Amino acid sequence: MKSTPLSLIAGVVALAAVTGFAALTVPGDDGATEAKAAARLPVERSSLLCPAPSTSDLAETTYTSFTPAAKDGPKDGTAELKAAEALPADEDEPADGKTGDADDKADADDKKKTEADDKEKAADSKPVVSLKDLGKPVTAETSKSGAPALVGTATDRFAPGWTTQQTTTAAAGGARGLLGVSCTAPDTDFWFPGASTGASRQDYVHLTNPDDTAAVADIELYGAEGPLKSDVGEGITVPARSSVPLLISTLTGEAAENVTVHVTTRSGRVGAVVSAAEDEVGSDWLAASADPAGTQILPGIPADATSVRLVAFAPGEDDADVKVQLLGKNGTFSPAGNDTLHIKSQMTASVDLKNVTRGEPGSLRLTPTDGSRTPVVAALRVVRGTGAKQEVAFIPATGPVGERATVADNRAKGSVLSLTAPRKTAKVKVTASAGSEGGQGAVKTYTVKGGTTLEVTPEAPAGLKGGYALTVETESGGPVHAARTLTIPEGGIDMFTVQTLQDDGGTVEVPEAEQDLSVLDD
C-alpha cells in the first residue's frame, strides 16, 4: 500500500478556505472519515458584483473598496473590480446589399468602429477599483451616464472581509436620491419583499453574472392576492460576465403596490439587487432580505422617519402569524394597533407603521406568535421628510454581524451607526479605518442592552481625508444586528440611504482528520 501524500491534506484545507466546504476520504475507511473541529482559516477568494449605477446624466457615483487589516496571513493577493462585458453583437446579421465604393466606405467605417471598440474593450479591461493595502479603503468615481456593472474578485490577503460600497447621488430627475448598496456576492436564490409594479414606481431587478458561462434565471412575482401572472419571467439568460436590468412592471400585466420578487437560477449564479424609484419621493437600492426564517430583524430605522411600511412574505405552504415589536432606545414595545401581522402563504402582506419611532432610533423584530416558526422574509420602506422634501430608503431583514462585519464609504459628516441586541446585552468593538486619502484609524467599544437599539455617531479617523470604513466585531453577548445610515444634504433635501451589516464570512471552519493518514507501503 502507498502512503497518502501530504499535498492531499493541504488540498483539503485550501478547498475549504475557498469554498467553505471540504471532504476527505481516507483509503480503507469506506468513505467515512472521523473529523473534529479545527481552527478557523481565512478564505482565499471572494467575489463581489456591483449593479450598473444610473442612466442619469446628473448622477455621480463613488465606489469604495476595503478589506480589514489582519495580523497575519498571506502576503500576496489582489482585489479588483472591472466593468462587466457588453452583450455580444449578433454575428448572424444579414448583409445590407452594399456594393462597389459603398462597400469600400463600409469597410473603412467598420475598421474605425473595430478600432474604437478595441480601445473601449482595453479601457474596460482595466480595474475600476483596485485595493493596494489592508485596512485602508480605495475610492473611484464616475459621472458617466450608463456606467457599467462591475465584476470583481479578491484573492489571498485581500479576500477575508472584502467589501465594496456603491453610492450614487442623483440631484434631480425621476430617479432623484441617494442610492447606496453594498456590492453583493453571487448566489442562486434571492428574496425582495418591498418592490412594486405600481404606476408611481419604476423598479428594476439587476442580474449580474460573474462567471465565464451564461447563467439562466427565473423571476417570480407575488402580490397581495398571490402570484402575479408572468409569461416572460422564466428562462432569462444572463450572458457571461454581463449584467441585465429588467423593469419589473414589464414582467407582468398586473399593477401591485407591494410586490415580493423571487430570483432563482436554474444554471449558474448571479448577483441580484433591485433599484426602486418612486415619483416625488426619491429612489434607492433594495437589497435582498435575509433567507426565510421564523424570526427576522430589520435594524436601523431613523429617529426622524415620517413613514415606515413593513412588507413581509411567507414562501412556504403555511400561513405565518408574527409579533411585530420595535426595539427602541430604552426597551421593546409593540406598535399600537399593529402588534401582530397575519401573512398568508404565497401572498405579500404589508402594514403602514407610520412614524413608529417617534423621535427615537429603533429596529423592528418579527417573531412567531404561535411557536410554529413559519419562515418569512421582510423589508421596510422608510421615508424621511414631508411634501417636496421627502426621501425614501429600504431596510431588508438581515442576519447578525457575527464575528465581524464592515460597511464602506463613510464620510466626515452624515454617517450614523445603529446597533441592536434583540436578546442578550452585547459588547461590540467598532473600528473606523484610516481614510482613503489620509487619517489615523480609531477604535471604540459600545455596550448594547438586550432588547434595545443604540444609535451612535462613529468617531471619525483623526485627520480624515476622503472616506473611511466601519468594522463591527462582537466581543461578548449578542447576537448584534447593525445598519449604517448615510445622509447627504442636496438641494435642501436630506438624501439618505441605509445599508445593513452582516457577518463577512472572512473565515471558514476546516475539519481536522483524527485518523492518521500515513499508512505502510506494500
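**Figure 1. The C50–C183 disulfide is right-handed, because the torsion about its S-S bond is about 110 degrees.** The bond ties together parts that are 133 residues apart in sequence, because C50 lies in strand β3 (residues 45-50) and C183 in the loop between β10 (177-182) and β11 (189-195). The model is a predicted one. The S to S distance of the pair is 2.0 Å. The disulfide count comes to 1. Are the two cysteines buried or exposed? The cut-off for buried is under 20% relative accessible area. C50 has a relative accessibility of 0%, so C50 counts as buried. C183 has a relative accessible area of 8%, so C183 is buried too.

**Figure 2. Strand β8 pairs with β3 and with β5.** β8 spans residues 150-155. The strand is mostly covered, with 5 of its 6 residues buried. β3, the strand that holds C50, runs antiparallel to β8 and is joined to β8 by 6 bridges. Within this pair, L48 has G152 of β8 as its bridge partner. Strand β5 covers residues 79-83. Its pairing with β8 is antiparallel as well, over 5 bridges. Here A79 stands opposite A154 of β8. Strands of a sheet pair through backbone hydrogen bonds, either parallel or antiparallel.

**Figure 3. Strand β12 has β18 and β16 as antiparallel partners.** How many residues of β12 are buried? In this strand, residues 201-208, the number is 6 of 8, and β12 is mostly covered. Strand β18 (residues 271-278) is joined to β12 by 8 bridges. One of the residue pairs here is R201 with E278, its bridge partner in β18. Strand β16 (residues 243-247) is joined to β12 by 5 bridges. On that side of the view, H206 stands opposite P245 in β16.

**Figure 4. Four strands form an open antiparallel sheet in the order β29-β36-β31-β33.** Which strands stand at the edges? They are β29 (405-410) and β33, and each pairs on one side only. Direction ignored, neighbouring strands of this sheet are turned by 25 degrees against each other on average. Inside the sheet, β31 and strand β36 (residues 468-477) run antiparallel, joined by 7 bridges. K427 stands opposite S476 of β36. Two strands of this sheet, β31 and β33, return in the next view, where each supplies at least two residues to a cavity lining.

**Figure 5. The largest cavity has a volume of about 50 Å³.** The structure holds 3 cavities of 30 Å³ or more. Where do the lining residues of the largest cavity come from? β31 (426-432) and β33 (442-448) each supply at least two of them. β33 gives the largest share, 4 residues. The lining includes V430, T431 and A432. It also includes A442, V443, K444 and Y446. P458, E459 and L470 are lining residues as well. By class, 7 residues of the lining are nonpolar, 1 is polar and 2 are charged. An edge strand of the sheet in the previous view, β33, is thus seen here as a part of the cavity wall.

**Figure 6. A further open sheet of 4 strands has the order β34-β30-β37-β38.** The pairing in this sheet is antiparallel. Why is one side of β34 and of β38 left without a neighbour in the sheet? β34 (452-456) and β38 (493-501) stand at the edges with a single partner strand each, so one side of each has no neighbour in the sheet. From one strand to the next, the twist averages 20 degrees. Strand β30 (residues 415-421) pairs with strand β37 (residues 481-490) in the antiparallel sense, over 6 bridges. In this pair, L417 has R484 of β37 as its bridge partner. In a regular strand the side chains alternate between the two faces of the sheet.

Terms used:
Residues numbered from 1 in each chain as written. Predicted model: local features only at pLDDT ≥ 70, side-chain atom pairs only at ≥ 80, totals over all residues. Heavy atoms only, no water. 1 Å grid on protein atoms, 1.4 Å probe; cavity = no way out; pocket = protein on both sides within 12 Å on 5 of 7 lines; lining within 4 Å. Points joined across faces, edges and corners; volume = space filled by probe spheres on them. Nonpolar A, V, L, I, M, F, W, Y, C, P; charged D, E, K, R; others polar. Disulfide = S-S within 2.5 Å. Buried < 20%, exposed > 50% of the residue type's maximum accessible area, 1.4 Å probe, protein only. Pairing = 2+ DSSP bridges. Axes fitted to C-alpha atoms, helices over the stretch in contact; angles between N-to-C directions.
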